[in-house]
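User: I'm new to looking at protein models. Could you walk me through how to read one?

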Amino acid sequence: LKARLLRLSGLDRVLLGRSEPIEALRRDILDLADTDVSVLILGETGTGKELVARALHDLGRNADAPFLALNCAALHPDTFEAEMFGTAEGANGRLVAASGGTLFLDEICSCPLQVQAKLLRVIEDKEVLPTGAAKPVPVNVRVISATNEDVEAAVAEKRFRKDLLFRVNTLVLSIPPLRHRRDDLALLSTRFLEEFAQVYEVAAPEITQDDLAALMAHDWPGNVRELRSVAERRVLAVRRGGGSLAAAIDTD
């Protein structure tokens, strides 16, 4: 129980916020972490999709097993099998090395169609055939996927296989954009300012009323990732003896 509570407090630190959408997301993660079902994470760029995937892994029963994150846009059909499945000469592929753990497919809608077919085969058969080998090798990974695209539109445009979608979307988690959780802006800003103040060895600046007004007025197209950058710029300005959060936001 003590270990579990420590891990829950870790989840609170990773998914910081008190708004209802974030509270609901944390509850969903805790409910799903101990299962092996495939999860599709939806969210805009910068909302923290990989953080959610890692939380599902770290709180699950196989937390000590590997977590393999793949950027699907970078997967190439010509080298995919050798890199992921390994070779008959004895070089283990990345999927074999990750067996027993989690396979995180980031930006899955950007995956080349040829690679999608190969991934589908691995997920369905739970085995891979190393390049040049005669016998397949069993693999057992939990599949967690993420995208910032409209998946149904990608299927309709024939950029994403419908059968692969049905394999990865057993359950769907949606991460709210930062503009829909403005109640968390002050808390997140304080956390990031303190974090970067430690990195740059300066005193963390306080958030003024003008700063707060600027935080609330901004639309945050880059979401939490953008807010982190703003906080870092603010702390760097402290080292030069000036600045404000409002000024840091205006530089975007």
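Analyst: Let's go from the whole chain to a few single residues. Keep in mind that this is a predicted model.

User: Okay, what secondary structure does the chain have?

Analyst: There are twelve helices and seven strands in the chain. If you follow the C-alpha trace along its principal axes, it spans about 65 × 45 × 35 Å.

User: What share of the residues is buried?

Analyst: Of the 252 residues in the chain, 43% are buried. You can also look at the accessible surface, which comes to about 12,900 Å². Carbon and sulfur atoms hold 51% of that surface.

User: And how do I tell what the contacts are like along the sequence?

Analyst: Take the contacts with a separation of 6 or more, then ask what part joins residues 24 or more positions apart. Here that part is 76%.

User: How many positive and negative side chains are there?

Analyst: The count is 31 positive and 38 negative, and the centres of those two sets lie 3 Å apart.

User: I've heard of disulfides. How many are in this chain?

Analyst: First the general idea: a disulfide is a covalent bond that joins the sulfur atoms of two cysteines. In this chain the count is zero. Take C109, which is in no disulfide: its nearest cysteine sulfur belongs to C72, 9.1 Å away.

User: Why is C111 not bonded to C72?

Analyst: Because the sulfur of C111 is 4.5 Å from the one in C72, its closest cysteine sulfur, and that is too far for a bond. The cut-off is 2.5 Å between the sulfur atoms.

User: Are C109 and C111 buried or exposed?

Analyst: C109 counts as buried, with 4% relative accessibility. C111 counts as buried too, at 3%.

User: Let's try a helix. How do I read one?

Analyst: In an α-helix there are 3.6 residues a turn, so residues three or four places apart point the same way. Now look at helix 6, residues 113-125. Its 13 residues reach 18 Å from the first C-alpha to the last, close to the 18 Å expected.

User: Which residues of helix 6 are buried?

Analyst: They are V115, Q116, K118, L119, L120, V122 and I123.

User: What covers the buried residues of helix 6?

Analyst: The cover includes helix 4 (77-85), helix 5 (94-97) and helix 8 (162-168). Strand 3 (102-106), strand 4 (127-128) and strand 6 (142-147) are also among the elements that cover them.

User: What comes right after helix 6?

Analyst: K126 follows helix 6, and its phi is positive, near 55°. As background, most residues other than glycine have a negative phi.

User: Where else can I see a positive phi?

Analyst: Try W220, with phi near 55°. You'll find W220 in the loop between helix 10 (209-217) and helix 11 (223-239). W220 is buried, with a relative accessible area of 0%. Another case is N223, where phi is near 60°. N223 is found in helix 11, and its relative accessible area is 0%, so N223 is buried.

User: Can we end with something on the outside? Is D31 buried or exposed?

Analyst: D31 is exposed, with a relative accessible area of 58%. Look for D31 in helix 2 (residues 20-32). Then compare sequence and space: D31 and E152 are 121 residues apart in sequence, and their C-alpha atoms are 26 Å apart.

Note on methods:
Residues are numbered from 1 along each chain as its sequence is written. This is a predicted model: local features need pLDDT of at least 70, side-chain atom pairs count only at pLDDT 80 or more; totals for chains, interfaces and linings use all residues. Side-chain values use heavy atoms; hydrogens and water are left out. Helices (H or I, at least four residues) and strands (E, at least two) are DSSP runs, numbered from the N terminus. Buried means under 20% relative accessible area, exposed over 50%, partly exposed in between (1.4 Å probe, protein chains only). Contact means heavy atoms within 4.5 Å. Accessible areas come from the Shrake-Rupley method with a 1.4 Å probe; for residues, only the protein chains shown count as cover. Lys and Arg count as positive and Asp and Glu as negative; His and the chain ends are not counted. The place of a charge is taken as NZ of Lys, CZ of Arg, CG of Asp or CD of Glu. The expected span of a helix is 1.5 Å times one less than its number of residues.
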